[in-house]
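User: Got a minute to look at a model with me? I'd like to talk through one residue and its surroundings.

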Amino acid sequence: MVLHPEPNEFVLVGWKAAVSLESPLADWPALKNLQVEAGRWNGERWVPSSEPVYYNAPHDDKAVWVHLFQDPMVVRVFTK
């Protein structure tokens with residue numbers, strides 16, 4: 001499941017998937033400020049975890065690819 005709560009933010013919930021986010025976030029200069037982190041919501045506050053998140057943003061693809069593996073994860077993709 002992909003949520004898009006803000007113009008510069010996506011929240012992914014799932015497992016065993018590769019998610020392609022075609023967004024201006026994948027274009028330069030926004031790409032240099034891209035943040036991708038696993039975590040959880042605690043009330044209205046995002047709490048990042050130390051879990052690694054595997055992602056890539058091929059220059060010619062104009063998308064950010066996030067890879068979710070065996071364990072369910074919540075991943076936040078955003079720019080600061």
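Analyst: Sure, let's go through one tryptophan and the sheet around it, keeping in mind that this is a predicted model.

User: OK, where does Trp46 sit?

Analyst: Trp46 belongs to strand S5, which covers residues 45-48.

User: Is Trp46 buried or exposed?

Analyst: Buried: its relative accessible area is 10%, and the cut-off for calling a residue buried is under 20%.

User: And which residues is Trp46 in contact with, leaving aside neighbours within four places in sequence?

Analyst: There's a run from the preceding strand region, namely Glu37, Ala38, Gly39, Arg40 and Trp41, plus Val74, Val75 and Arg76.

User: What does the side chain of Trp46 do with Glu37?

Analyst: The two side chains make a polar contact, at 2.8 Å.

User: Which residue is the bridge partner of Trp41 in S5?

Analyst: That's Trp46 again. More broadly, S5 runs antiparallel to strand S4 (residues 34-42), and four bridges join the two.

User: Switching to the sheet: in what order do the strands come?

Analyst: S1-S2-S8-S4-S5, five strands in an open sheet with antiparallel pairing. S1 (2-6) and S5 are at the edges with a single partner strand each, so each has one side without a neighbour in the sheet.

User: How much are neighbouring strands turned against each other?

Analyst: On average by 40°, ignoring direction.

User: Last one: what separates the C-alpha atoms of Trp46 and Ala63?

Analyst: Those C-alpha atoms are 24 Å apart, with the residues 17 positions apart along the chain.

Key:
Residues are numbered from 1 along each chain as its sequence is written. This is a predicted model: local features need pLDDT of at least 70, side-chain atom pairs count only at pLDDT 80 or more; totals for chains, interfaces and linings use all residues. Side-chain values use heavy atoms; hydrogens and water are left out. Buried means under 20% relative accessible area, exposed over 50%, partly exposed in between (1.4 Å probe, protein chains only). Contact means heavy atoms within 4.5 Å. A polar contact is a pair of N or O atoms within 3.5 Å; within protein, one must be able to donate a hydrogen and the other to accept it, and residues adjacent in sequence count only if both atoms are side-chain atoms. Two strands pair if DSSP finds at least two bridges between them. Axes are lines fitted to C-alpha atoms, for helices over the stretch in contact, and angles run from 0 to 180 degrees between N-to-C directions.
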